[in-house]
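Here are some notes to read alongside the structure. Please keep the sequence open while going through the points.

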Amino acid sequence: MKLSSLKQGRDGRLVVVSRDLTRATDAFFIVPTLQQALDDWERVAPLLQDLSEQLELGSVPTIRFHEHDCDSPLPRAYQWADGSAYVNHVELVRKARGAEMPASFWTDPLMYQGGSDAFLGPRDPIVAVDEAHGIDFEAEIAVITGDVSMGASREEAAEAIRLVMLVNDVSLRNLIPAELAKGFGFFQSKPSSAFSPVAVTPDELGEAWDGGKLRLPLLSSLNDKAFGKPDAGTDMTFDFPTLIAHAARTRPLRAGTIIGSGTVSNKDPDGGPGRPVAEGGVGYSCIAEQRTVETILKGEAKTPFLRFGDTVRIEMKDRHGHSIFGAIEQTVEAQAEA
């Protein structure tokens, strides 16, 4: 089934969405918000699934589903932890700045805890203070979990995956080096993230979901020009059960925890760092990676970071070309003066 939160209050109004993303029906008589559904998933999920089937049959009242009416599926969450499962991306970024990558990065996931109190809706603008901060998008996959016990095994973590969605994990690249140099992690360099209009249960993904990875291209464009189409199931060093178990190693995770994959990144078939879409490659899921490849191959970065007025779109389509999650589409805007 496909679930969405329409903009209403702080936590949205839960609706069940048709598979073709054209219609929706209210779930308020079952549960008003997605967080409440996750808190009581074993009881509520079968009721929502039945409502989804009735929606497909046309036997329940419906409204027209418009993606611009959506908030993120969880407009705010108890926890948002983003990993870096595509180690190719990490290796490239470190290589560009002349830093060696520790061997442990291939066996022990990187993860940071992001701000989760104010996510952006999938069509909300990216509001920034200054272009000089190096505004960048990061196209990613994420899962929402149920309760996960501290020290959970990979198998237990896999059983806790409730929903899958897309992410734009916005980064301010020029603020990152100074923050990391303090040795205390990201904060100002990681503003609010945005999630896809719809979150889907894993069974909705069919053969593309193997229990830990989503094996489809993640499409991103910048100002209507294709920027990236890497396969999310390729070059993923750590799958989602591994990331969840890593996050739960020393703490329990509560229902509604969001775990991100990190920037989706593929190597070139010849083992190289990858090529832009315009040159026949699968491109990149963030500007920083393209700039990194330019630095490695040409000695300097040519592609600018996002500027005010730029529009980013992130989407994933099934084997038949149909949008699965709807699209994240955001325009960069300057913060209004007080």
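1. Is E67 buried or exposed? In this predicted model, E67 has a relative accessible area of 17%. The cut-off for buried is under 20%, so E67 counts as buried.

2. E67 does not stand alone: its side chain meets that of R123 in a salt bridge, with 2.5 Å from N to O. R123 sits in the loop between β6 (111-113) and β7 (126-128), while E67 sits in the loop between β4 and β5, so the pair ties together parts that are 56 residues apart in sequence. R123 has a relative accessibility of 29% and is therefore partly exposed.

3. Side chains of opposite charge can pair when their charged atoms come close. The count for this model comes to 17 salt bridges. One of them joins the side chains of R76 and D11, at 2.8 Å from N to O. This pair links distant parts of the chain, 65 residues apart: R76 is in the loop between β4 (63-64) and β5 (79-83), and D11 is in the loop between β1 and β2. R76 is partly exposed, because its relative accessibility is 34%. D11 is also partly exposed, with a relative accessible area of 26%.

4. A further salt bridge is formed by D268 and R275, whose closest N and O atoms are 3.0 Å apart. D268 counts as buried, at 11% relative accessibility, whereas R275 counts as partly exposed, at 33%. Elsewhere, salt bridges link D136, E138, D169, R173 and K190 in a network.

5. Does the length of helix α2 agree with what its residue count predicts, or disagree? The helix covers residues 41-57, which is 17 residues, and at 1.5 Å a residue these should span 24 Å. The C-alpha atoms at its ends are 24 Å apart, so the expected and modelled values agree.

6. Which residues of α2 are buried? They are W41, V44, A45, L48, L51, S52 and L55. These residues cover an arc of only 125° around the axis, so they lie on the same side of α2. E42 and L57, on the other side of the helix, are exposed. The buried residues of α2 pack against β1 (2-6), β2 (13-17), β3 (23-26), α1 (34-39) and β10 (161-168). Just after the helix, G58 takes a positive phi of about 80°.

7. Helix α6 (residues 240-247) can be read in a similar way. Six of its eight residues are buried, so α6 is largely enclosed by the rest of the structure. The buried ones are F240, P241, L243, I244, A245 and A247. What covers them includes β6, β9 (139-145), α4 (154-159), β10 and β16 (257-260). Strand β10 is thus named for both helices, because it packs against buried residues of α2 and is part of the cover of α6.

8. Last, look at E315 in strand β17 (residues 311-315). At 10% relative accessibility, E315 counts as buried. Its side chain makes a polar contact of 3.3 Å with the side chain of R313. Leaving aside residues up to four places away in sequence, E315 touches L166, P217, L218, L219, S323, G326 and A327.

Notes: Residues are numbered from 1 along each chain as its sequence is written. This is a predicted model: local features need pLDDT of at least 70, side-chain atom pairs count only at pLDDT 80 or more; totals for chains, interfaces and linings use all residues. Side-chain values use heavy atoms; hydrogens and water are left out. Helices (H or I, at least four residues) and strands (E, at least two) are DSSP runs, numbered from the N terminus. Buried means under 20% relative accessible area, exposed over 50%, partly exposed in between (1.4 Å probe, protein chains only). A polar contact is a pair of N or O atoms within 3.5 Å; within protein, one must be able to donate a hydrogen and the other to accept it, and residues adjacent in sequence count only if both atoms are side-chain atoms. Contact means heavy atoms within 4.5 Å. The expected span of a helix is 1.5 Å times one less than its number of residues. The arc is that of the directions from the helix axis to the C-beta atoms. A salt bridge is a side-chain nitrogen of Lys or Arg within 4 Å of a carboxyl oxygen of Asp or Glu.
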